[in-house]
Amino acid sequence: MSNALFSPTIPHFFQPLLPGFHLSIPLSFFKDYLKGQINCESAVLRSYGRTWSVKIRDRRFEDGWQDFARDHDLHVGDFLVFRYGGNMVFDVVVFDTSACQRQYPLLATQTQQPAKEIGKQHEKRTSTSVTLESPHFVSNLTLESMKSFRLNIPRKFARSNDLDRSCETVLVDEQGRSWMASIRLKDSDGQVYIGRGWRNICIGNSLGLKDCVKLELIGNGITPIFKLYSCKRLRCQKVA
């Protein structure tokens, strides 16, 4: 894939795939590049020379999106990069949870829809992923955490979910925005915490002292993905 796909001169956004397989265009991207388009209620997604027509309602991909997800055998936790080519046309690249680009040799050679069996397997996996509860923890924002701009991850939660390591992570807030951050392991006492990037998340979500946040682990590959929920000025019971 050409490096031009990620050129800053070419508008693009990325989104992780969440349980339920819904995906929305970020509000800021929609306002900057799509607002005022003659037909912003539908889009064309391109991949490996093939195209999929998708309806857009309230910035969310709907009719036609399931076909695209099925044909690309998408999994919860996959990353999708959308490069905007103008006229509501997007070139899409899929990265799996190992942060590697997923290849689709069949899409590159075939012109017909994939076998129905692939769709059945995908629907089965989608149904299963929606019904299972993802691991999560909740935390109150203390004076110490606000001063240091870091969020401690409960030790038991970190150990049981293989998070007692240093890595990059993505947090998706309730508005569908994605935030990059770093998970760090403190050598002195084994405490795992979210450090770099947490300050921007707090500012972007207007989080303050004594606010409560819930972090739901929805993807646990090389780059973990959390869904962020906030409860303004409420106290929460911690879950390890």
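Modeller: A word before we start: buried means under 20% relative accessible area, and the model we are looking at is predicted.

Biologist: Thanks! With that in mind, is F61 buried or exposed?
Modeller: The cut-off for buried is under 20% relative accessible area. F61 has a relative accessibility of 2%, so F61 counts as buried.

Biologist: Which aromatic residue pairs with F61, and which parts of the chain does the pair tie together?
Modeller: Let me begin with the ring that F61 meets. Both F13 and F82 are buried, and F82 has 0% relative accessibility. F61 and F82 form a tilted aromatic pair, with 5.6 Å from centre to centre and 35 degrees between the planes. F61 lies in strand 4 (residues 60–61) and its partner in strand 5, so the pair ties together parts 21 residues apart in sequence, and that partner is F82.

Biologist: Nice. How many aromatic pairs are there, and why do F13 and F82 count as stacked?
Modeller: The count comes to 15 aromatic pairs. In the pair of F13 and F82, the ring centres are 4.9 Å apart. Planes under 30 degrees apart count as stacked. The planes of F13 and F82 meet that rule because the angle between them is 10 degrees.

Biologist: Where in the chain do F13 and F82 sit, and how many residues apart are they?
Modeller: F13 belongs to strand 1 (residues 12–16), while F82 belongs to strand 5 (residues 79–86). The pair links distant parts of the chain, with a separation of 69 residues.

Biologist: Which residues of the largest nonpolar core touch the most other members?
Modeller: Nonpolar side chains tend to be buried together in soluble globular proteins. Here the largest nonpolar core has 26 residues. Helix 1 (27–34), strand 2 (42–47), strand 3 (50–57), helix 2 (65–71), strand 5 and strand 6 each give two or more residues to this core. The members that touch the most others are L45, F61, W65, L74, F82 and F90.

Biologist: And which residue of the second core lies in the loop between helix 6 and strand 9?
Modeller: The second, separate core has 24 residues, including L141, A158, L163 and C202. One of these has 0% relative accessibility and so counts as buried. Its place is in the loop between helix 6 (155–160) and strand 9 (167–172), and its name is L163.

Biologist: What separates the C-alpha atoms of L163 and V192?
Modeller: Leaving aside neighbours within four places in sequence, L163 is in contact with several residues, among them F157, A158, I183 and V192. L163 and V192 are 29 residues apart along the chain, and their C-alpha atoms are separated by 7.6 Å.

Biologist: Now a charged residue: which backbone oxygen lies 3.4 Å from a polar side-chain atom of R102?
Modeller: R102 is in the loop between strand 6 (89–95) and helix 3 (105–109). Its relative accessible area is 16%, so R102 is buried. Beyond residues up to four places away in sequence, R102 touches Y48, H72, D73 and D78, among others. The backbone oxygen in question belongs to D73.

Biologist: Over which ring does the charged end of R150 sit?
Modeller: There are two arginines to look at here. The charged end of R199 sits over the ring of F149, 5.3 Å from its centre. For R150, the charged end is 4.3 Å from the centre of the ring, and that ring belongs to Y193.

Biologist: Last one: how many disulfides does the search find?
Modeller: A disulfide is a covalent bond between the sulfur atoms of two cysteines. C167 counts as buried at 8% relative accessibility, and C202 counts as buried at 3%. Across the whole structure, the number of disulfides found is zero.

Conventions. Residues are numbered from 1 along each chain as its sequence is written. This is a predicted model: local features need pLDDT of at least 70, side-chain atom pairs count only at pLDDT 80 or more; totals for chains, interfaces and linings use all residues. Side-chain values use heavy atoms; hydrogens and water are left out. Helices (H or I, at least four residues) and strands (E, at least two) are DSSP runs, numbered from the N terminus. Buried means under 20% relative accessible area, exposed over 50%, partly exposed in between (1.4 Å probe, protein chains only). Contact means heavy atoms within 4.5 Å. A polar contact is a pair of N or O atoms within 3.5 Å; within protein, one must be able to donate a hydrogen and the other to accept it, and residues adjacent in sequence count only if both atoms are side-chain atoms. Rings of Phe, Tyr and Trp (its six-membered ring) pair if their centres lie within 6.5 Å; planes under 30 degrees apart count as stacked, over 60 as edge-to-face and the rest as tilted. A charge sits over a ring if NZ of Lys or CZ of Arg is within 6 Å of the ring centre and within 35 degrees of the ring normal. A nonpolar core is a set of buried Ala, Val, Leu, Ile, Met, Phe, Trp, Tyr and Cys residues joined through side-chain atoms within 4.5 Å. A disulfide is a pair of cysteine sulfur atoms within 2.5 Å.
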